[in-house]
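Please open the structure in the viewer and display it as a cartoon. The tour below proceeds by selections, each followed by a short account of what is found there.

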Amino acid sequence: MIALTLAEVAAATGGRLGAGADRLAPVTSVVIDSRQVGPGALFVALLGERVDGHDFAAGAVAAGAVAVLGARETGVPTVVVADPAAALAALAAHLRDLAPATVVGVTGSAGKTTTKDLLADLLGRLGPTAAAVGSFNNEIGLPLTLLRTEPDTAFVVLEMGARGIGHIATLCAVARPHVGLVLNVGSAHVGEYADGRNGIAAAKGELAEAATGLVVLNADDPLVAAMAGRAGAQVVTFGRVAAADVRAERVEVGGDGRAAFDLLAGGERHRLCLGLVGVHQVANALAAAAVATSLGLAPAEAAAALEEARPRSRWRMEVTTTADGVVVLNDSYNANPESMRAALTALMDMRGAGRAWAVLGPMGELGADAEAAHDTLGRLAAGLGVSRLVAVGAGARRVHQAAEREGAWAGESTWVPGVDEALALLAAQVRPGDVVLVKASRSFGLERVATGLTADGGAGPAGRRDGAAGAAIEGIENTWNTVGHSGEPGVRG
């Protein structure tokens with residue numbers, strides 16, 4: 001990050017220097033996890049549902065932290081503030097004032113993390129780029145990403161999630177994005193919005209209103225395309241419709257589930273094959289290309305970068321082939337009706353001579369739509385011709401029941417109460433050549449099925465997260481203003 005003194009930290013956060021704090025001590029990183037502390041770190045002592053970061057203050061300083069940003073004196077050098085989470089946001093906003101980097105905000109009901117990762121690859125060809133780790137996309141995760149800005153950073157790519165009106169506007173007040181990218185409006189977290197998908201569109205459109213230089217919109221999604229009327233900056237569109245500024249033609253999907261298409265941008269046409277699995281990745285790739293080419297990347301360079309891109313964030317369409325020849329498609333990070341359809345489509349595209357297994361858990365936060373959505377999912381799996389459906393958990397029982405009612409289906413459905421039972425069933429019945437999709441909302445922990453099948457202990461593109469709970473905060477999972485202790489920091493829909 002751009003180095004600040006403790007005195008500058010105190011001024012930016014409205015705090016005071018506590019006993020023992022050296023006002024001239026340089027701060028070169030900010031962390032919320034005491035296991036990530038290194039020399040020059042500022043440790044933010046957040047208060048969570050199960051963990052109080054102040055309990056780890058002494059350990060953080062002993063590990064090399066310059067000081068603690070906390071709500072009270074901790075017995076070690078501390079910048080004392082009224083609210084550490086709010087102070088973290090204020091500090092990020094201050095650093096944003098100091099940084100010359102172009103800030104890109106990404107939102108949408110699905111595909112945010114993958115598109116953010118693609119943007120990191122594409123914009124990285126133009127200059128040093130900082131991007132959110134995993135799905136750091138809320139009022140804790142976004143400031144942490146901004147605070148990784150270095151003096152030479154050219155681009156910062158921020159993922160922005162929401163569970164209500166005003167959430168993205170709050171993030172934009174900190175980030176003040178130059179570019180706003182809206183991917184889609186789906187059903188993720190629809191239960192949190194009184195006005196359903198229209199409410200989701202209203203929330204996502206706050207990014208279009210906030211972006212100061214460029215607004216990039218999905219021309220294939222009517223609710224997103226309509227946000228052009230809310231944009232206060234130049235609008236560029238992407239999609240498969242002829243009117244899109246950046247579009248795809250001649251889309252084809254291979255037996256490995258990867259899509260090839262012609263990228264049309266800037267008056268040029270380039271044929272490419274994505275390294276990511278699923279035809280739905282075409283839209284994510286177009287979105288990233290629309291942003292990057294608008295910021296100066298040549299279309300040919302964009303096409304080359306898209307071909308070379310591989311998954312950066314774990315449990316999102318990860319493909320692993322076991323020693324026995326079973327292909328495991330781990331898309332267990334999160335789920336909603338749209339992403340379930342995309343993943344099931346990818347499963348069937350990848351099916352070869354073996355069987356297609358769909359191991360599906362519940363989809364969360366759908367509110368009154370939950371029962372109908374799970375019924376539809378079961379019928380969809382049967383209609384697509386999935387060979388074996390394994391519904392996991394009480395919330396997924398309706399998926400199993402709906403599939404069983406599909407009389408013309410040649411497949412078979414089983415319901416099991418939990419992960420252990422699912423793993424036992426799969427271990428006994430999968431065979432070489434089978435393809436197994438594992439997917440559910442994050443809170444159900446279905447990734448353990450995929451990692452059990454592949455026996456990799458849970459390591460994905462983002463790496464392992466081992467060790468005892470020596471952290472102030474391990475994660476902020478699916479919340480607004482509530483800190484939890486599982487999953488990845490900074491996740492919202």
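Select strand β2 together with strand β7 (residues 78-80): the two run antiparallel and are joined by two bridges. Within this pair, L17 has V79 of β7 as its bridge partner. The model is a predicted one.

Next, extend the selection to the whole sheet to which these strands belong. Five strands make up this open sheet, in the order β2-β7-β6-β5-β4, and their pairing is mixed. Its edges are formed by β2 (16-17) and β4 (29-31), each of which pairs on one side only.

Add helix α1, residues 6-13, which packs on this sheet. Helix α1 touches β2, β5 (41-44), β6 (67-70) and β7, and its direction makes about 20° with that of β7. Then select helix α3 (residues 84-98), which lies across β4, β5 and β6 and runs at about 115° to β6.

Now turn to another sheet. Nine strands form this open sheet of mixed pairing, in the order β9-β10-β8-β11-β12-β13-β14-β15-β16. The edge positions belong to β9 (129-131) and β16 (268-277), each pairing on one side only. On average, neighbouring strands here are turned by 20° against each other, direction ignored.

Within this sheet, select β8 (residues 102-107) and β10 (residues 155-159), which pair in the parallel sense over five bridges. Here T102 stands opposite F155 in β10.

Finally, select helix α4, residues 112-123, which packs on the sheet. This helix touches β8, β9, β10, β11 (179-182) and β16, and its direction makes about 175° with that of β10.

Conventions:
Residues are numbered from 1 along each chain as its sequence is written. This is a predicted model: local features need pLDDT of at least 70, side-chain atom pairs count only at pLDDT 80 or more; totals for chains, interfaces and linings use all residues. Side-chain values use heavy atoms; hydrogens and water are left out. Two strands pair if DSSP finds at least two bridges between them. Helices (H or I, at least four residues) and strands (E, at least two) are DSSP runs, numbered from the N terminus. Axes are lines fitted to C-alpha atoms, for helices over the stretch in contact, and angles run from 0 to 180 degrees between N-to-C directions. Contact means heavy atoms within 4.5 Å.
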